[in-house]
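This briefing concerns a single structure and is arranged by topic. Please consult the sequence and the model shown here while reading.

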Amino acid sequence: MGDRTRDAGAAGRGTTADQPAGYGPERIRNVVLVGHSGAGKTTLTESLALATGALTRAGRVQDGSTVSDYDEIEHRQQRSVQLSLVPLRHDGTKVNLLDTPGYADFVGELRAGLRAADAALFVVPATDGIDGATRMLWEECASVGMPRALVVTKLDAPQADFAATVELCRAAFGGENPECVMPLYLPVDHGPIGADGNPRISGLLGLLSGSCFDYGSGQRTEQQPDADLLAAAGPARDRLIEAVIAESEDEALMDRYLSGADIDTKTLVDDLERAVARGSFHPVLASAAPHGGSREGLGTAEILELVTAAFPSPGEHPVPAATTPDGAARPPLSCDPAGPLAAEVVKTSGDPYVGRLSLVRVFSGTLRPDQPVHVSGHGLTDRGHEDHDVDERVGALSSPFGRAQHPLAQAVAGDIACVAKLGRAQTGDTLSAPAEPLLVAPWAMPDPLLPVAVEAHSKTDEDKLSQGLARLVAEDPTLRLEQNPDTHQLILWCLGEAHADLLLERLRSRYGVQVDPVPYVVPLRETFGGPARGRGRHVKQSGGHGQFAICEIEVEPLPPGSGFEFVDRVVGGSVPRQFIPSVEKGVRAQLLRGVSAGFPVVDVRVSLVDGKAHSVDSSDAAFQTAGALALREAAAATTVRLLEPVAEVRVLVPDEYVGGVLSDLSGRRGRVQGTEPVGTGRTLVRAEVPEVEIVRYAVDLRSLSHGAGDFTRSYVRHEPMPEAVAARLS
């Protein structure tokens, strides 16, 4: 591709979201940047925006001045915490860059970016290597056939090693065919010597074209490489050509190459672009941030050329399947601006000035301001998103660029835009025509597994808490809200500690609600350790009608899972028939409140055997109180055991971490049920573990597996808690 020298951004310098009249899906590229935190995604976005003229000066993450990290929280933490769209123009093509957070707690934002994109640029620093989470995301993209390329960043850093990083990429991402991951350019060391004694990389040698592109002056210029440089690059060029021809699936071309015939550069470039577009070849490019007053960072022109020439347009990428809101099948959609409207909300955010903003990917049809739409959301009730089907009217349509919003006249199929004032739309919802409502199935959301219990800081905060939480849930489908009926705690289920901190900070700064984290209480149960008798006496006389009720009960434990049984064994009418249900009601109320540690009592049979009543002073309320007192007295006469919830845990980790995971689960009183291989190099570990031992497992597993592990959990049963553990918790 280096054979086609272009003035990067000449067609769109000084512009961002504006589009020429009549633009269509063929002139759009939707590209998501993927990589671990600190890999250089935001800096790369800044470099590309500068190269295309969308920015006049590059910002820095450290200064909080980048276009994609515009949130105050991002400025303080110096890292991305949300999906950000940065539209650019290059060679008459609109490039929607989706900058995503690299920290694992914000993988929900990354998944939204993957849904909105048609191709991915994996960003790998030349200094830090590749983490396990990035490898998992590569496999995820591979499973859906998403085209991918790699960008090696931070080549201007001390100890940066491009060749070693390329080999690392080939090993990590090449799988059984490492030849599908190959560099298109080699860095050229002809810059001044740095303070570390290493020469500064200021140019790139195109392996296909044989041209040398120098960035030393701050702008890209083409130079003729010397013979020694070309000779040194010969082996790398041969390997690249062989890989491209192998991916071309053209046997005649391979025969020509093997026979020694020259293959013209245009043929190689065309085959390369086709292989990239179908996701079978993954070129590696090089990048370094611009310095001083440079207009272009190293490699920006080559990246933009690859994106516009080799990555597929939205029309070449499959459109997600859609049904009617009630689940009925319908003909497949295509990326046609004249087709039926089908768009999906990939991100929801609150703006203090314009209200709710919905970032929308248009899959079919054309979206316009003031257009009536049908908003349909299904399948996320477990996250607090109730199923809904409502008609609304689109407000202003815009293209975001950092904090700024540039007005749009329309968003055609394949484009991404912001929609204002959709009051009911939530992340994952489908927008369609009211006369032809559609539902696009939501993408796979990560399951939040870290519980954070909170309480309102004051009465004023309590009054605003429900509305603030509702807005957070609408914005973030990776958050699950729970009001536990047993512990009565309000619980935010999050992806990790950083995710929890972000939610609480947004609740405070954006919605004016202060909450205090409190210790999370695992919902235990209580049960009787043996049979017991209890007598409840509730007798009060204070003038007028008094209160009189006496009941005697017997309590016996039942097998696990039996629940509660109430048996009437009264003889002789010692307890009038109308008050027997009252005793049961009082016993049930006390069972819910607990008799020892404040947890519900289960798996017992309570038999009412005797009692006394007064013709005037006995009442329903009196016998309810007596029933509760009798149960408490019976509990005091025997051992009350705590029952703890046990979860089935399924942990998926690379093979090298299996031993550590098994040892860790054993230390958590886990019982391993088995292990089995999954794919290549990964193992699924199944175990039953008490839930009190895995409250922070989402955080601990990430540390144990270096971010490469994942797990699910599901409730199995309650079983007796060991006395030593119960004593520790009491």
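The points that follow cover one sheet, the aromatic pairs and the charges placed over rings. The model is predicted. It contains an open sheet of four strands and seven aromatic pairs.

**The four-stranded sheet**

- The strands of this open sheet follow the order β7-β8-β9-β10, and their pairing is antiparallel.
- The edges are formed by β7 (185–188) and β10 (221–223); each has a single partner strand, so one side of each is left without a neighbour in the sheet.
- On average, neighbouring strands of this sheet are turned by 30° against each other, direction ignored.
- Four bridges join β7 to β8 (residues 203–206) in the antiparallel sense, and Y185 stands opposite G206 in β8.

**Aromatic pairs**

- The count of aromatic pairs comes to seven.
- Y103 and F106 form a tilted pair, with 6.2 Å centre to centre and 50° between the planes.
- Within this pair, Y103 is partly exposed at a relative accessible area of 32%, whereas F106 is buried at 3% relative accessibility.
- F122 and W138 form an edge-to-face pair, with 4.9 Å centre to centre and 70° between the planes.
- F122 belongs to strand β4 (residues 119–125) and W138 to helix α4 (residues 132–143), so their pair ties together parts that are 16 residues apart in sequence.
- Both F122 and W138 are buried, and together with F173 they form one aromatic cluster.

**Charges over rings**

- R79 lies over the face of Y103, 4.5 Å from the ring centre.
- R148 places its charged end over the ring of W138, at 4.6 Å from the centre of that ring.

Note on methods:
Residues numbered from 1 in each chain as written. Predicted model: local features only at pLDDT ≥ 70, side-chain atom pairs only at ≥ 80, totals over all residues. Heavy atoms only, no water. Pairing = 2+ DSSP bridges. Helix = DSSP H or I, 4+ residues; strand = E, 2+ residues; numbered from the N terminus. Axes fitted to C-alpha atoms, helices over the stretch in contact; angles between N-to-C directions. Phe/Tyr/Trp six-rings, centres within 6.5 Å; stacked < 30°, edge-to-face > 60°. Buried < 20%, exposed > 50% of the residue type's maximum accessible area, 1.4 Å probe, protein only. Lys NZ or Arg CZ within 6 Å of the ring centre and 35° of its normal.
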